[in-house]
Amino acid sequence: MCRNIHTLHNFEPAASDDEVHAAALQFVRKVSGSTKPSKANAEAFDRAVAEIAHITRHLLDDLVTNAPPKDREVEAEKARARAAVRYQRVPA
């Protein structure tokens, strides 16, 4: 899984179109192995990003949960805390 693709489901406010597009872009970059396609592949690359973003939006709109919506700031703080532990430097 791409590390830059984050969970988009069950947040308040809901994921923005920019967030959905960014996730689709990261997915296509990972699958294609290219961060910037050649001119010959640009149209296919851009079309794939648009289609995946479209389908992702439908998925997010159709998913159902009983869990309360998550708060973006709280989740971001949890991620920072996990990163601080993960990348903690041990004195030599």
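In this predicted model, a salt bridge joins the side chains of Asp 17 and Arg 57, with an N to O distance of 3.3 Å. The pair ties together distant parts of the chain, since Asp 17 belongs to helix H1 and Arg 57 to helix H2, 40 residues apart. Asp 17 counts as exposed because its relative accessibility is 59%, above the 50% cut-off.

Arg 57 has a second acidic partner. Its side chain also meets that of Asp 61 in a salt bridge, here at 3.9 Å from N to O. This second pair lies within helix H2, and because the two residues are 4 apart there, about one helical turn separates Asp 61 from Arg 57. Asp 61, with a relative accessibility of 53%, is likewise classed as exposed. Taken together, Asp 17, Arg 57 and Asp 61 form a network of salt bridges.

The surroundings of Arg 57 are worth a further look. The Arg 57 side chain reaches the backbone oxygen of Ala 15 at 2.7 Å. Leaving aside residues up to four places away in sequence, Arg 57 touches Ala 15, Ser 16, Asp 17 and Val 20. Of these contacts, Val 20 is among the buried residues of H1, whereas Asp 17 is exposed.

The search of the whole structure finds 6 salt bridges. One of the others pairs Arg 47 with Glu 43, whose closest N and O atoms are 3.6 Å apart. Arg 47 and Glu 43 are 4 residues apart in helix H2, so about one helical turn lies between them. Arg 47 is partly exposed, at 41% relative accessibility, while Glu 43 is exposed, with a relative accessible area of 60%.

Turning to helix H1, this element covers residues 17–32 and contains 16 residues. From first C-alpha to last, H1 reaches 22 Å, close to the 22 Å expected at 1.5 Å a residue. Its buried residues are Val 20, Ala 23, Ala 24, Leu 25, Gln 26 and Val 28, and they pack against helix H2, residues 39–62. H1 and H2 are therefore connected both through the packing of these buried residues and through the salt bridge between Asp 17 and Arg 57. After H1 comes Gly 33, with a positive phi near 75°.

As for confidence, the protein chain has a mean pLDDT of 90, and 91% of its residues reach 70 or more. Confidence is highest in H2, at 97, and lowest in helix H3 (residues 72–86), at a mean of 89. Helix H2 is also where Arg 57 is found.

How values were computed
Residues numbered from 1 in each chain as written. Predicted model: local features only at pLDDT ≥ 70, side-chain atom pairs only at ≥ 80, totals over all residues. Heavy atoms only, no water. Expected span 1.5 Å × (residues − 1). Buried < 20%, exposed > 50% of the residue type's maximum accessible area, 1.4 Å probe, protein only. Contact = heavy atoms within 4.5 Å. pLDDT = per-residue confidence, 0-100. Polar contact = N/O pair within 3.5 Å; in protein donor to acceptor, adjacent residues only side chain to side chain. Salt bridge = Lys/Arg side-chain N within 4 Å of Asp/Glu carboxyl O.
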